[in-house]
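Trainee: I have a model open here and would like to talk it through with you. Can we start with how the helices cross?
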Amino acid sequence: MTPPRNSTAARDIAYALHPYTDHKAHLKDGPLVISRGKGVRVYDDQGKEYIETVAGLWCASLGFDNERLVEAAAAQMRKLPFYHAFTSKSHEPLVDLSEMLIERAPPSTDGAPMSKVFFANSGSEANDSAIKMIWYMNNALGRPEKKKIIARLKGYHGITLAAASLTGLPANHKLFDLPLPNFHHVSTPHHYHNARPGETEEEFATRLAEELEQKILAEGPETVAAFWAEPIMGAGGVILPPATYFPKIQAVLKKHDVLFVADEVICGFWRTGSYWGSQTLGIQPDILVCAKALSASYLPISAVMVNEKVFQGIAEGSSSIGTWGHGFTYSGHPVPAAVAIETLKIYDEMDIGGHVKRVGAHMQAALRERFGNHPLVGEVRGIGLIAGMELVADKATKTNFDPAKKVGIRLSKLGEKHGLIMRSMANDSLGFSPPLIISEAEVDEMLDRLGTALDELSVELRRESIAAV
């Protein structure tokens, strides 16, 4: 239906270019215009209410109306609305937030603490910065050939040219001439689809670690600089690694002097039930990248934490050249930094970790009990307050629907009809990552609405002979 002339939707169609959007379809159908939010809910410009099942983009951890964060931003705007961090300049919010992050960081390699924090504006910029840090460090240390980076198929690390090269999803490569040279990918650690018949999770993990080592050996260990991984894959479908995966991967990396970069953009700040996904999955990273829930996404900010080994390489290079020629105008901007400081304080005061453990356990159990045996649901997976539900054409064979049928997207649309904003991903997987403040009653309401939408989808697919449910 064509939006009324001069409406917000019509003006959007006329002037806006949206990320991750089919623009020909957008010209026809227009946007869903969100006008306000409260708690775990948002409201469109017609007043319709929705539960936000993915906290926007995995990120609105404290919901959509936290007054303390609003006041923190306003107070900092009045005191110092902007300053930069170039050429040894600083300000109190930057220093305070750096200290708070290092105090909360997971142990690095061999249990050593993280050393320093660099700030950017998004997860993409943070991952891009980490790539540059690693290349710079190796040049400074006289290892100019040690530049190759290995990530994983279905991993997601952002959309700058370098970060999108890390990302292992076709839509982020096709028509963009990506990935760039020196970026490589190994298998997705998804036991449900990729394990061999009868292969246990531990055996599957061993095979993936052997695959990584063979890749490093084939490229030459002297040329491989780093391995990138999300503790739990987000945009790739909420994929949990098999048991023993990360310990085995890290043993290979340590053997061949390859850095481990943990992308905590989605998993950080209690999403998995621990402060960091690295703690949940047993990772000791050399570099940790975070964003999103760092400020509850009220203002853009991201961070890269590096251990002492990486910092010393950067320091050596900057001394020889006279500067570290990297940074952003808004690196450590005082207003987002002040909001992030307040966000971390709220997490502590609320015991948000204890809340996530309780409500997350309820959400995980309820998803499995209510939908695990549904004929359209192949797998429910997740931990804490992050989960995935994969729709399949055949449960017995784990066969996915023809992507052209857009089954997951159809469920998302039906969800909107019934008051849910959902996220459909590869293999018709639906992601669940609600605001961390969600209650058990709100989880139940969310799943009631999901059940109604899934029942309606079942009827449609049966009527169209797409599925026999």
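Mentor: Let us begin with α6 and α12, whose crossing is left-handed; please keep in mind throughout that this is a predicted model. The axes of α6 and helix α12, which spans residues 308–321, come within 8 Å and cross at roughly 65°, and the two helices are therefore roughly perpendicular to each other.

Trainee: Which residues of α6 and α12 make the contact?
Mentor: From α6 the contact uses Met-133, Tyr-136, Met-137 and Ala-140, while α12 contributes Lys-309, Val-310, Gly-313, Ile-314, Glu-316, Gly-317, Ser-318 and Ile-321.

Trainee: And Ala-315, is that buried or exposed?
Mentor: Ala-315, which has its place in helix α12, counts as partly exposed because its relative accessibility is 24%. Ala-315 and Val-359 are 44 residues apart in sequence, and their C-alpha atoms are 44 Å apart in space.

Trainee: Back to α6, then: which strands does it lie across?
Mentor: Helix α6, residues 123–140, lies across β4, β5, β6, β7 (224–229), β8 (259–263), β9 (287–290) and β10 (302–307), and it runs at about 30° to β10. Helix α9, residues 201–219, also packs on the sheet, where it touches β5, β6 and β7, and its direction makes about 150° with that of β6.

Trainee: What is the strand order in that open sheet?
Mentor: Seven strands make up the open sheet, in the order β4-β10-β9-β8-β7-β5-β6, and their pairing is mixed. At the edges stand β4 (114–120) and β6 (183–186), each of which has a single partner strand, so one side of each is left without a neighbour in the sheet. From one strand to the next, the twist averages 20°.

Trainee: In what sense do β5 and β6 pair, and over how many bridges?
Mentor: Strand β5, residues 148–152, pairs with β6 in the parallel sense over four bridges, and within this pair Ile-150 stands opposite His-184 in β6.

Trainee: Changing topic, what about β11 and β12, parallel or antiparallel?
Mentor: Strand β11 and strand β12, the latter covering residues 386–391, pair in the antiparallel sense over six bridges, and Gly-382 has Ala-387 of β12 as its bridge partner. In their hairpin, which has two residues between the strands, Gly-384 takes a positive phi near 60°.

Trainee: How many residues of β11 are buried?
Mentor: Five of the seven residues of β11 (377–383) are buried, so that one can call the strand mostly covered.

Trainee: Now the helix at 8–15, α1: which residues there are buried?
Mentor: Ala-9, Ala-10, Asp-12 and Ile-13 are the buried residues in α1. Those residues cover an arc of only 155° around the axis, which puts them on the same side of α1. On the other side of α1, Ala-14 and Tyr-15 are exposed.

Trainee: What do the buried residues of α1 pack against?
Mentor: The buried residues of α1 pack against α2, which runs over residues 23–29.

Trainee: Last one: where is Met-446, and what does it touch?
Mentor: Met-446 is found in helix α16, residues 440–463, and it counts as buried because its relative accessibility is 0%. Leaving aside residues up to four places away in sequence, Met-446 touches Ile-51, Thr-53, Met-363, Leu-420 and Phe-432. Met-446 and Leu-175, by contrast, are 271 residues apart in sequence and 37 Å apart in space, from C-alpha to C-alpha.

Notes. Residues are numbered from 1 along each chain as its sequence is written. This is a predicted model: local features need pLDDT of at least 70, side-chain atom pairs count only at pLDDT 80 or more; totals for chains, interfaces and linings use all residues. Side-chain values use heavy atoms; hydrogens and water are left out. Buried means under 20% relative accessible area, exposed over 50%, partly exposed in between (1.4 Å probe, protein chains only). The arc is that of the directions from the helix axis to the C-beta atoms. Contact means heavy atoms within 4.5 Å. Two strands pair if DSSP finds at least two bridges between them. Axes are lines fitted to C-alpha atoms, for helices over the stretch in contact, and angles run from 0 to 180 degrees between N-to-C directions. Angles under 35 degrees count as roughly parallel, over 145 as roughly antiparallel, 65 to 115 as roughly perpendicular and the rest as oblique. A crossing is left-handed if the near helix is turned anticlockwise from the far one by less than a right angle, and right-handed if clockwise.
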